[in-house]
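Please look over the model shown here. The report that follows covers its sheets, one enclosed helix and one buried acidic residue.

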Amino acid sequence: MVQIKRICCIGAGYVGGPTCSVIASMCPEVTVTVVDVNESRIKAWNSDTLPIYEPGLNEVVLSCRGKNLFFSTDIDSAIKEADLVFISVLSNPEFLAEGTAVKDLKEPDRVLIGGDETPEGQKAIQALCEVYEHWVPKSRIITTNTWSSELSKLAANAFLAQRISSINSISALCESTGADVEEVARAIGMDQRIGSKFLKASVGFGGSCFQKDVLNLVYLCEALNLPEVASYWQQVIDMNEYQRRRFACRIIDCLFNTVTGKKIALLGFSFKKDTGDTRESSSIYISKYLMDEGAKLHIYDPKVLKEQIMQDLSQPSISGDNSHRGLVTVTTDPYEACKSAHALVICTEWDMFKDLDYEKIYHQMLKPAFIFDGRRVLDHLHPHLQNLGFQIETIGKKVMTRLPFTPSGGVPRITLNEPPNKKPKA
């Protein structure tokens with residue numbers, strides 16, 4: 001039996017960094033080296049400011065860095081000295097949720113390990129099992145062949161994304177009928193066959209995994225001549241895109257059918273709270289749709305750096321021919337973002353947004369002052385906000401009758417009937 005004393009992880013990103021940091025923390029007798037070709041990223045892992053934000057991660061890294069946890073760009077040496085090599089944990093699919101990754105690693109629902117059905121493959125599986133058995137009960141460690149392992153990862157994320165798209169589709173129906181999607185979600189979630197997880201309507205799912213894994217599933221089905229199955233899973237992505245466009249159209253509609261030249265405060269840019277990750281964030285696409293209409297965006301996020309926001313909004317698929325230049329301002333103060341704004345748009349469910357001084361914000365905004373809550377974080381404040389004078393629009397619920405207005409005759413360039421500008425390709 002191989003005794004694992006040295007582990008090398010290739011890839012110091014959102015998966016490799018936290019995963020191997022926790023392994024080092026839980027296995028003090030094992031030396032863990034995380035390597036990457038990106039020198040600045042490795043330098044950040046070795047500094048006081050880690051390259052990613054994740055609750056509890058800083059404490060884990062500080063407790064073992066320099067002892068049995070190392071970050072390096074010397075890939076060759078780390079591989080030669082290792083008893084076991086992770087390649088971004090591909091042979092061991094991760095089921096981490098950003099924002100709770102450290103907890104998920106320390107207290108996993110399950111650990112899935114796949115390998116070849118050969119003596120060598122089974123030997124490798126057993127060696128990795130023994131690493132996890134330092135803190136994970138054997139009953140939660142599942143071993144499979146490689147195909148089952150990889151397909152389980154894709155299917156898990158596809159099922160979660162499907163639930164979000166399903167409840168988002170119901171949110172559109174709720175807004176048209178007068179139902180409240182939160183009440184509907186609570187009612188169906190109490191059915192033990194369904195459960196309450198991932199039934200939170202919003203502006204759509206984001207992050208690096210859901211869209212990527214669903215599209216990988218679509219591609220796999222197309223490659224294996226299963227077009228009906230591919231079309232089924234493609235609808236999960238299409239519904240997510242529809243929800244984003246629908247929310248953007250609602251903003252434009254409420255602001256008297258035009259946002260050209262209007263200041264809009266966008267609060268939250270990460271794809272979910274408690275992370276600084278912006279990959280596939282709905283905020284990016286909502287920003288794009290509003291900028292396409294000429295809106296002037298003032299963006300605030302407590303964890304996402306200005307450079308990251310500007311980089312995301314400068315991608316060719318978002319900014320096109322750079323016609324959006326000058327339409328984006330990134331602030332470090334939510335009140336500054338809202339000052340003299342026509343509307344406040346909440347795109348990320350950061351807890352701090354529940355505790356802002358909305359009376360102060362209302363007096364600083366232009367009138368009529370609108371709040372568009374894309375995450376349902378202000379539900380408990382609706383009576384207070386209405387008393388202040390806010391016009392409130394939220395996902396999956398009619399809050400109040402909108403202000404009457406006479407259309408100017410302008411027609412927004414983004415419509416729900418149009419397909420997305422750039423449909424994701426498998």
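## Strands, a helix and a buried aspartate

Strand 5 (residues 111–115) is mostly covered, with 5 of its 5 residues buried. Buried means under 20% relative accessible area, exposed over 50%, and partly exposed in between (1.4 Å probe, protein chains only). Strands (E, at least two residues) and helices (H or I, at least four) are DSSP runs, numbered from the N terminus.

This is a predicted model: local features need pLDDT of at least 70, side-chain atom pairs count only at pLDDT 80 or more, and totals for chains, interfaces and linings use all residues. Residues are numbered from 1 along each chain as its sequence is written, and side-chain values use heavy atoms, with hydrogens and water left out.

Both faces of strand 5 are covered. Val111, Ile113 and Gly115 are buried on one side, Leu112 and Gly114 on the other. In a regular strand the side chains alternate between the two faces of the sheet. Strand 5 pairs with strand 6 (residues 141–145) in the parallel sense, over 5 bridges. Two strands pair if DSSP finds at least two bridges between them. Leu112 has Ile142 of strand 6 as its bridge partner.

**The open sheets.** One open sheet has 4 strands in the order 3-2-1-4, with parallel pairing. Its edge strands are strand 3 (69–72) and strand 4 (84–87), each pairing on one side only. The twist averages 20° from one strand to the next. Another open sheet has 6 strands in the order 9-8-7-10-11-12, also with parallel pairing. Strand 9 (328–330) and strand 12 (391–394) stand at its edges; each has a single partner strand, so one side of each is left without a neighbour in the sheet. Here, too, the twist averages 20° from one strand to the next.

Three parallel pairings are set out below.

| Strand pair | Bridges | Partner residues |
|---|---|---|
| Strand 1 (residues 6–10) and strand 4 | 4 bridges | Ile7 and Leu84 |
| Strand 7 (residues 263–267) and strand 10 (residues 343–346) | 4 bridges | Leu266 and Val345 |
| Strand 5 and strand 6 | 5 bridges | Leu112 and Ile142 |

**Helix 11.** How does helix 11 (residues 282–292) run, and what does it lie across? It lies across strand 7, strand 8 (296–300) and strand 9, at about 160° to strand 8. Axes are lines fitted to C-alpha atoms, for helices over the stretch in contact, and angles run from 0 to 180 degrees between N-to-C directions. 11 of the 11 residues of helix 11 are buried, so the helix is largely enclosed by the rest of the structure. Its cover includes helix 10 (227–254), helix 12 and helix 13 (316–319), along with strands 7, 8 and 9. Contact means heavy atoms within 4.5 Å. Just after helix 11, Gly294 takes a positive phi of about 90°.

**Asp312 and Thr278.** Asp312 sits in helix 12 (residues 306–313). Asp312 is buried yet has no salt bridge (a side-chain nitrogen of Lys or Arg within 4 Å of a carboxyl oxygen of Asp or Glu). Which side chain of opposite charge is nearest to Asp312? That is Arg279, 8.8 Å away. Lys and Arg count as positive, Asp and Glu as negative; His and the chain ends are not counted.

The side chain of Asp312 does make a polar contact with the side chain of Thr278, at 2.5 Å. A polar contact is a pair of N or O atoms within 3.5 Å; within protein, one must be able to donate a hydrogen and the other to accept it, and residues adjacent in sequence count only if both atoms are side-chain atoms. Thr278 lies in the loop between strand 7 and helix 11. Thr278 is buried, with a relative accessible area of 3%. Not counting residues up to four places away in sequence, Asp312 touches Phe269, Thr278, Ile284 and Ile318.
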